[in-house]
Amino acid sequence: MTHPADKVPLLNINQDNKPLRDDFVEALSSVVDSGRFLFGPDVKELEKEVAELSGASHAVGCASGSDALLLSLMALDIGPGDEVIVPSFTFFASVSCVVRLGATPVFVDICPDTFNIDPEGIRQAITANTKAIIPVHLFGQCARIDEICQLAEPHNIPVIEDAAQAIGAGYKGRPAGSWGLTGCFSFYPTKNLGGMGDGGMITSNDADFADRLQLFAGHGMRPRYYHQVVGINSRLDTFQAAVLRVKLRHLEEATRCRKAIASRYTELFEQSGLLDGQQITLPAIDPNADHVWNQYGIRVSSERRDDLRAFLGESGVGSEIYYPIPVHQQECFAALKVDDSQLPETIRASKEILNLPIFPSMSEAEQDRVVAVVTQFYQSGQKQVAA
Ligand SMILES: *Cc1c(COP(=O)(O)O)cnc(C)c1O
């Protein structure tokens, strides 16, 4: 039996939030007292703060990261006949926004080292119908966004950064969310800046486009009861903004913790001997990227991944597979008939990835335990598949 002290969760949001409890209650109480549940001052303040952090002149709050992506495409008037270049090794929302508007997702494979979309693949996928490119900064590490923006520019193709997992990240010294026409952020509780419910934000350095995003997020209504475009209702409420402003004051410290945990994983695994036998491959860091480690994803051989995951589970160590089914293979996209042979690295990653626990308040003892259990699995030949 596993001793409770040996249990290591994949995430521990309660423990991360605990030291801030009084601040949350105070911030939430003032929203209660203000009665301004929507459009309260905290929303505007958070927009300013996230814009500044992301190196963007504007930011527009919305209901979720998914809506941030959808609104970006809506404000570009993307629809039937338009193509949008996307990765398939990502969360569903990076792609559903395209299909929801009747446009066609064009899937591009990933770089096997970083799991991020391959700029060379993007170059080959651009056609006269390409109306946007959505690179995803997966696991907290920016895609090669400089090259992607350079590729897009001569064609005037807008780049929409899916930075849902990458708030505070950067590339070549420039923040995620400042490169593209928009940067899309999520405040889902497991993200690096996680709220207490849903929330999202769109950054932009284009004042007119930011204004258009605001228009689409508010029913396309301007002035009141006059609808210029068919928008949606997508708002960040004041309670979420109040909570997020408290957390934002501690984001830098939380990110520092994530970075320390990631580099300690690397040290511990290097000492484990598992790298020499190539049982596991550690996450690659692009030297141009400032990685904020929303996830620590290792690769293991596909034959043993599920056994390793089961062994971790039996040993009380949480893990997850982000993502087990590439988006293009999802049942709801069967009609797209996407050719698997064009996405070999995406498919391989979905079979080999294993995401280990990482959260700001994770202790060294917890980390030691994770590495010990992974090492034990390989050293004991646990459930070894016969050669
Ligand atoms: C979380 C996430 C989203 C969606 O954000 P929500 O706030 O959950 O709607 C989009 N893209 C990626 C890559 C994500 O991780």
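Here are a few friendly notes on the ligand site and the internal cavity of this predicted model.

1. Let's start with the ligand. It has 16 residues around it, and the closest are Gly-65, Ser-66, Asp-162, Ser-186 and Lys-191. As for its location, the ligand sits in the second largest pocket.

2. Three side chains are worth bringing up on your screen. In the side chain of Ser-66, an N or O atom is 2.5 Å from an oxygen atom of the ligand. Asp-162 has a side-chain N or O atom 2.7 Å from a nitrogen atom of the ligand. For Lys-191, a polar side-chain atom lies 3.0 Å from a ligand oxygen atom. The protein buries 93% of the 380 Å² that the ligand exposes when taken alone.

3. Now to the enclosed space. The count comes to 1 cavity of 30 Å³ or more, and the largest cavity holds about 60 Å³ of space.

4. Where does the largest cavity lie with respect to domain 1 (14–248) and domain 2 (251–380)? Both domains give residues to its lining, so the cavity lies between them.

5. If you would like to look at the lining of the largest cavity, the residues to select are Asp-113, Thr-114, Phe-115, Leu-138, Phe-139, Gln-141, Pro-283, Ala-284, His-291, Trp-293 and Gln-295. By type, the lining divides into 6 nonpolar, 4 polar and 1 charged residues. Asp-113 is among the residues of this lining, and Asp counts as charged.

Key:
Residues are numbered from 1 along each chain as its sequence is written. This is a predicted model: local features need pLDDT of at least 70, side-chain atom pairs count only at pLDDT 80 or more; totals for chains, interfaces and linings use all residues. Side-chain values use heavy atoms; hydrogens and water are left out. On a 1 Å grid over the protein atoms alone, a cavity is a set of points where a 1.4 Å probe fits but cannot get out, and a pocket is an open set with protein on both sides within 12 Å along at least five of seven lines; lining residues have an atom within 4 Å of a point. Grid points are joined across faces, edges and corners, and a volume is the space filled by probe spheres set on the points. Domain bounds come from an automatic or database domain assignment. A residue is near a molecule or strand if one of its heavy atoms lies within 4 Å of it. A polar contact is a pair of N or O atoms within 3.5 Å; within protein, one must be able to donate a hydrogen and the other to accept it, and residues adjacent in sequence count only if both atoms are side-chain atoms. Accessible areas come from the Shrake-Rupley method with a 1.4 Å probe; for residues, only the protein chains shown count as cover. A molecule sits in a cavity or pocket if more than half of its atoms lie within 2 Å of its grid points.
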